[in-house]
Amino acid sequence: LSLSIFGISWSEFVIRPITFHGLFMALFASVIAPFGGFFASGFKRAFNLKDFGDLIPGHGGVIDRMDCQFLMGTFVFVYYYSFIKSVTVNSVLQIVYGMETDNQIDLYTALGESLADRGLI
């Protein structure tokens with residue numbers, strides 16, 4: 001594939017994984033996050049509140065100005081821990097150490113069988 005932009009010809013176009021992550025976050029921020037105001041409005045209505053504060057008169061408070069930011073922050077947190085954060089040996093070992101002894105032995109046995117089946121041990 002040959003691409004020419006402003007007279008510069010590119011024969012290779014590389015898209016890194018961070019591009020896809022940024023694209024998903026931008027898509028969420030532009031399409032879904034603005035509905036954070038509706039969510040906050042429903043939340044306030046459920047508790048019979050007019051607004052979340054009176055620091056900015058006529059604007060419903062500082063938190064009312066940040067409705068979509070809370071939704072976006074939650075999305076980024078969940079997205080990061082679901083798709084971006086890499087798993088390390090130490091993080092897996094911390095989980096294993098928190099397991100009961102019987103479960104640790106079962107995991108050890110299953111891992112040993114899996115490695116033996118693949119001819120690694």
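**Exercise 1.** State what the mean pLDDT of the chain is, and determine which elements have the lowest and highest mean values.

*Solution.* The model is predicted. Its chain has a mean pLDDT of 81, and 77% of the residues reach 70 or more. Next, consider the elements. The lowest mean pLDDT, 64, belongs to helix α3 (residues 62-65), and the highest, 95, to helix α6 (residues 101-117). Where pLDDT is low, predicted coordinates should not be read in detail.

**Exercise 2.** Describe the order of the elements along the chain.

*Solution.* Begin with the count: the chain contains two strands and six helices. Then follow them from the N terminus, where the order reads β-β-α-α-α-α-α-α.

**Exercise 3.** Determine what share of the chain is buried and what supplies its exposed area.

*Solution.* The chain has 121 residues, of which 11% are buried. The chain exposes about 10,200 Å², and 66% of this area comes from carbon and sulfur atoms. As for contacts with a separation of 6 or more, 43% of them are between residues 24 or more positions apart.

**Exercise 4.** Locate Phe20 and decide whether Phe20 is buried, partly exposed or exposed.

*Solution.* First, place the residue: Phe20 lies in helix α1, which covers residues 17-31. Second, take its relative accessible area, which is 43%. Third, apply the cut-offs: buried requires under 20% and exposed over 50%. Phe20 is therefore partly exposed. Finally, turn to its surroundings: Phe20 belongs to a nonpolar surface patch with Ile15, Leu23, Phe24, Leu27, Val31 and Ile32. Together these seven residues, Phe20 included, have about 660 Å² of accessible area.

Notes: Residues are numbered from 1 along each chain as its sequence is written. This is a predicted model: local features need pLDDT of at least 70, side-chain atom pairs count only at pLDDT 80 or more; totals for chains, interfaces and linings use all residues. Side-chain values use heavy atoms; hydrogens and water are left out. Helices (H or I, at least four residues) and strands (E, at least two) are DSSP runs, numbered from the N terminus. Buried means under 20% relative accessible area, exposed over 50%, partly exposed in between (1.4 Å probe, protein chains only). Contact means heavy atoms within 4.5 Å. Accessible areas come from the Shrake-Rupley method with a 1.4 Å probe; for residues, only the protein chains shown count as cover. Patches are made of residues with over 30% relative accessible area and no salt bridge: like charges are joined within 9 Å, nonpolar side chains (Val, Leu, Ile, Met, Phe, Trp, Tyr) within 5 Å. A salt bridge is a side-chain nitrogen of Lys or Arg within 4 Å of a carboxyl oxygen of Asp or Glu. pLDDT is the predictor's confidence in each residue, from 0 to 100.
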